[in-house]
Amino acid sequence: MNMNPNILVIITITILIGCKAENSSFTEKIIDDQAPDYVWMKSLGDVTGDGKTDMLVGGWNSGGMVAYTAPDWNKLVIVDSLRISTDAEVCDVDNNNTADVVAVANGAIIWLSGPDWSVHVIDSIVGHDVEVNDFDNDGLMDVVARNQGAFGKHEGYTLYFYNQRPMGTWITYTKEILNGEGLKMADLNHDGKLDIVTNGFWFENTGNMAEWKEHKLTDTWSWENTAIDVADINNDGLPDVLYSPSELAGNYYHISWFEAPRDPTGLWQEHIVADSVETVLHSIGAADFNADGKNDIIVAEMQQGADPDEVAIYYNLGSNRWEKQVISTGGSHSMRLFDSDEDGDIDVFGANHADHVVKMWINEYQN
């Protein structure tokens, strides 16, 4: 059958229009323009016990660690005498039903015991990334940490596992890994236990903190210093892995997600989201920003990269097609995602690491 070519054109245009994302609108709000200086750390958690998610930041130069408490974002000083590095997690380390904070500080992995925020040293190492969970299901929080490998004197080829037993004491196990940076916990093999994801590999939680089974995730991703997230990108019910290149300025690589196979111990297929991006994307996260049922990807450029320093969302159009929306040209480092105003959509908070200004990007998407 011969079809009128004009009809073909109409059909093609209709399909392309139908694939366009309905983007969200974001309002940028300054939370604090006098935050701790060189605000390296950003985190989330309920530090006041009121059931609401608070925002935490920490300064490397000065200012210690503070929380901005929901819903009005009033500043609460947690500690003002420590140099806080790049990561922290809120949890209950000592099982007293009050929030504590495990953090990377100057030359140590520490935990701050609430509500008086007394300081306890877990280990005197230089760290960059930290995750906290009861990995061995014994009722006590454990810690996993690593350093980074992009700056010569730093080495990111060791995973440190801190098994808490008895309460407040720690047994340390280590595992040699590929050098670099980046750390994320997620249940990749669907056994109810959280595993550990690094650059190029994942480590299966056996239930024993001394024994983690190594699996190579990819042989196509070669950039060692990565930001990492885990989310179901293709709506097949399996957790996929997201990587962005996080160090150093002046180099170029790509943003990718890795499709989970049914057997997660095999190699995962890489899908490139954006090619030839500068390797200053020290932040990657996934959320359904426009409520279309698909997880989108957000990244941010640090200020040492070429201007403009974009905070950008890649809207998921399905079948590994993406539509980019820049929501800021002020950049960020290690952003965190949550529903700050409890209106059902995901907002973003962050700060650039050589700054003292904390920002939030409020998602104004209307269902």
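A: Two strands are said to pair if DSSP finds at least two bridges between them. In this predicted model, strand S26 (residues 333–338) and strand S27 meet that condition, with 4 bridges in the antiparallel sense.

Q: Which residue of S27 is the bridge partner of Leu337?

A: A bridge is read as a residue in one strand set against a residue in another. The partner of Leu337 in S27 is Val348.

Q: How many bridges join S27 to strand S28?

A: S27 and S28 (residues 358–363) are joined by 3 bridges and run antiparallel. Val348 appears here again, standing opposite Trp361 in S28. Between S27 and S28 lie 6 residues, and the two strands form a hairpin.

Q: Are the residues of S27 buried or exposed?

A: Burial is judged residue by residue, and a residue counts as buried when its relative accessible area is under 20%. In S27, which spans residues 347–351, 5 of the 5 residues are buried, and the strand is mostly covered.

Q: Which residues point one way from S27, and which the other way?

A: Asp347, Phe349 and Ala351 point one way, while Val348 and Gly350 point the other way. Residues on both sides of S27 are buried.

Q: How many residues lie in the hairpin that joins S16 to S17?

A: The hairpin from S16 to S17 passes through 2 residues. Strand S16 covers residues 201–208 and strand S17 covers residues 211–216; the two pair in the antiparallel sense over 6 bridges. One bridge sets Asn205 against Trp212 of S17.

Q: How should a single residue be read, and is Ser85 buried or exposed?

A: One places the residue in its element, then considers its accessibility and its contacts. Ser85 belongs to strand S6, residues 84–91. Ser85 counts as buried because its relative accessible area is 5%, which lies under the 20% cut-off. Setting aside residues up to four places away in sequence, Ser85 touches Trp40, Met41, Trp60, Val104, Ala105 and Gly127.

Q: Where is Thr48 found?

A: Thr48 is in the loop between strand S2 (41–45) and strand S3 (54–58). Thr48 counts as partly exposed because its relative accessibility is 40%, a value between the limits of 20% and 50%. Apart from neighbours within four places in sequence, Thr48 is in contact with Asp54 and Thr69. A distance may also be read between C-alpha atoms: those of Thr48 and Val143 are separated by 22 Å, and these residues are 95 apart along the chain.

Q: How many helices and strands does the protein chain have?

A: The secondary structure of the protein chain comprises 1 helix and 28 strands. Of its 367 residues, 57% count as buried. Contacts also describe the chain as a whole: among those between residues at least 6 apart in sequence, 47% join residues at least 24 apart.

Q: What does the radius of gyration indicate about the protein chain?

A: It is compared with the value for a compact globule. For 367 residues that value would be near 21 Å, and the protein chain has 21 Å, which agrees. Along the principal axes, the C-alpha atoms fill a box of roughly 80 × 45 × 40 Å.

Q: What supplies the exposed area, and how are the charges placed?

A: The protein chain exposes about 15300 Å², of which carbon and sulfur atoms supply 49%. The chain has 20 positive and 60 negative charges, and the mean positions of these two sets are 3 Å apart.

How values were computed: Residues numbered from 1 in each chain as written. Predicted model: local features only at pLDDT ≥ 70, side-chain atom pairs only at ≥ 80, totals over all residues. Heavy atoms only, no water. Rg over C-alpha atoms; globule rule 2.2 N^0.38 Å. Buried < 20%, exposed > 50% of the residue type's maximum accessible area, 1.4 Å probe, protein only. Contact = heavy atoms within 4.5 Å. Areas by Shrake-Rupley, 256 points an atom, 1.4 Å probe, with all protein chains shown as cover. Lys, Arg positive; Asp, Glu negative; His and termini not counted. Charge placed at Lys NZ, Arg CZ, Asp CG, Glu CD.
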